[in-house]
Amino acid sequence: MRYIGNKTRLLPFILDAIDTLGISPAVAHDAFAGTASVGRSLKARGWRVASSDLMTYSYVFQRAYVVAGRIPAFRKLRAGDATLRRALRSPTLRSRAEERGGTALHAIAEFLEAWLEPDCGFMSSEFSPAAGGRRMFFTEDNAARIDAIRRKLFEWRRDGLIDEDSYFLLLAALIEGADRVANTAGVYAAYMKQWQPNARRQLEISPEMPISGTPKSSAHLADAVAVARDIGRIELLYVDPPYNARQYSGYYHVPEIIARGWFEQRPTPQGVAGLVGIGRQKSAWCSRNTVALALDELLAASGARHVLVSYNSEGLLPGDELTAILASASVNGEVRTFGQEYKRYRADSDRDGRRYSGDRVKEMLHYARLR
Ligand SMILES: C[S@@+](CC[C@H](N)C(=O)[O-])C[C@H]1O[C@@H](n2cnc3c(N)ncnc32)[C@H](O)[C@@H]1O
């Protein structure tokens with residue numbers, strides 16, 4: 001998913017640093033999981049991962065990419081849903097599923113994507129121009145597809161027809177698919193006034209195959225400090241917090257709504273962008289006044305032997321203050337820093353008054369030995 005701070009492209013840099021430091025796979029806490037990219041690649045390297053984030057869509061990604069461990073067979077679902085059972089007999093569906101990869105997960109994805117009737121519901125009326133709506137986050141057709149798939153996933157889970165791994169694998173695929181056709185410049189704080197080429201494409205559902213064969217990992221929809229306290233002694237704490245004042249809850253409210261669903265509790269989107277109340281999802285790391293204390297607290301709460309902190313050169317917390325906090329938490333007062341320049345993720349363009357310009361930014365990785 002297009003996500004501010006997504007570390008997918010920086011993974012080689014982070015994994016190299018872990019190797020250089022000689023830290024071997026054991027238990028890691030990916031405390032600010034976001035898209036779960038780091039937890040997922042640690043898991044693939046044999047780590048047991050506990051991940052956490054305040055956002056529900058992140059919890060969905062953590063469940064799909066870090067916790068799920070086997071390709072589901074969907075036996076109960078096939079037995080319990082007659083429409084699906086009929087569709088699965090179709091040679092067209094079977095050959096499309098084969099082209100996608102041939103597993104039961106691919107067949108279900110094909111069913112959701114191409115066989116389910118689009119159905120005008122909450123997403124259509126609130127986030128597309130259907131029924132006279134103003135918000136242009138999705139075309140009417142794609143919003144109705146999201147509506148139909150989200151409802152189906154809710155019903156399958158409510159009726160006990162799919163297990164939790166399957167539910168989260170498919171829900172993660174829906175959130176990622178919706179993001180690819182969202183009519184935005186990358187974040188959901190605003191929609192584009194004209195339909196962008198990506199938004200005109202039809203929604204696709206492409207679930208990722210779970211990583212198997214590693215020890216059981218865990219996902220947490222919770223504050224990093226609370227989770228650090230709960231999981232106790234571990235090998236590695238990976239810290240990748242927000243760098244600036246932008247609250248993720250205000251930039252990604254649409255994926256958040258898709259993740260939560262609207263069947264048990266209907267949200268009330270407000271204003272031009274359709275924001276929903278953020279309350280408990282407000283982060284202390286997004287304020288200059290609270291960020292230093294937040295880092296202090298996290299280091300005190302964690303039982304990790306090693307800590308790695310990703311932070312970029314334009315973050316709210318100045319580099320010297322960050323390293324001073326790490327040094328005072330470390331066993332030997334030492335902090336080691338790795339740096340890498342990379343191309344900035346841009347959701348907007350340069351303009352007068354912004355705090356930065358240009359396309360290059362330096363990502364720093366700070367290391368300290370905690371005990
Ligand atoms: C820079 S992003 C992490 C990106 C992630 N490493 C990735 O590759 O996608 C920061 C994340 O921290 C989360 N966050 C903010 N405050 C938090 C807190 N107090 N506890 C846990 N997560 C928090 C945000 O929701 C956001 O997903």
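This passage walks through the domains, some helix and loop residues, and the empty spaces of one predicted model. Residue numbers start from 1 along each chain as its sequence is written. Because the model is predicted, local features need pLDDT of at least 70 and side-chain atom pairs count only at pLDDT 80 or more, whereas totals for chains, interfaces and linings use all residues; side-chain values rest on heavy atoms, with hydrogens and water left out.

Start with the overall layout. The protein is assigned domain 1 (8-68 + 216-247 + 283-369) and domain 2 (75-200), with bounds that come from an automatic or database domain assignment. Between the C-alpha centres of domain 1 and domain 2 there are 31 Å. Where the two touch, 11 residues of domain 1 are in contact with 11 residues of domain 2, contact meaning heavy atoms within 4.5 Å.

Next comes helix 1, residues 11-20. Helices (H or I, at least four residues) and strands (E, at least two) are DSSP runs here, numbered from the N terminus. Helix 1 has L11, F13, I14, L15, A17 and I18 as its buried residues; buried means under 20% relative accessible area, exposed over 50%, and partly exposed in between, with a 1.4 Å probe and protein chains only. Those buried residues pack against helix 2 (37-44) and against four strands by name: strand 4 (233-239), strand 5 (303-312), strand 6 (336-343) and strand 7. Just past the end of helix 1 sits G22, with a positive phi of about 70 degrees.

Positive phi also turns up outside glycine. Most residues other than glycine have a negative phi, and most peptide bonds are trans. A36 has a positive phi near 70 degrees without being a glycine. This residue sits in the loop between strand 1 (27-30) and helix 2, and A36 counts as buried because its relative accessibility is 0%. F74, again not a glycine, has a positive phi of about 60 degrees. Its place is the loop between helix 3 and helix 4 (75-80), and with a relative accessible area of 5%, F74 is buried too.

Then there is N183, in the loop between helix 10 and helix 11 (197-200). Is N183 buried or exposed? Its relative accessibility is 0%, so N183 counts as buried. The side chain of N183 has a polar atom 2.9 Å from the backbone nitrogen of Q196, and a polar atom 3.4 Å from the backbone oxygen of Q194. A polar contact is a pair of N or O atoms within 3.5 Å; within protein, one must be able to donate a hydrogen and the other to accept it, and residues adjacent in sequence count only if both atoms are side-chain atoms. Setting aside neighbours within four places in sequence, N183 is in contact with residues including M136, F137, Y191, W195 and A199.

Two partly exposed residues round out the list. T83 belongs to helix 5 (residues 82-88) and counts as partly exposed because its relative accessibility is 45%. T83 and L116 are 33 residues apart along the chain, and their C-alpha atoms are separated by 9.4 Å. R360 belongs to strand 7 (residues 360-369) and is partly exposed, with a relative accessible area of 47%. From R360 to S166 there are 194 residues in sequence and 39 Å in space, C-alpha to C-alpha.

What about the empty spaces? On a 1 Å grid over the protein atoms alone, a cavity is a set of points where a 1.4 Å probe fits but cannot get out, while a pocket is an open set with protein on both sides within 12 Å along at least five of seven lines; lining residues have an atom within 4 Å of a point. Grid points are joined across faces, edges and corners, and a volume is the space filled by probe spheres set on the points.

How many cavities of 30 Å³ or more are there? The count is 3, and the largest has a volume of about 60 Å³. Its lining consists of I4, P242, Y243, N244, R246, Q247, Y248, Y251 and Y252, or 6 nonpolar, 2 polar and 1 charged. Ala, Val, Leu, Ile, Met, Phe, Trp, Tyr, Cys and Pro count as nonpolar, Asp, Glu, Lys and Arg as charged, and the others, Gly among them, as polar.

The second largest pocket holds about 500 Å³. It is lined by 24 residues, of which A259, R260, G261, W262 and Q265 are the closest to its centre. Helix 3 (56-67), helix 9 (140-158), helix 10 (164-180) and helix 14 (253-260) each give at least two residues to this lining. Both domain 1 and domain 2 contribute at least three residues each, and the lining divides into 12 nonpolar, 5 polar and 7 charged.
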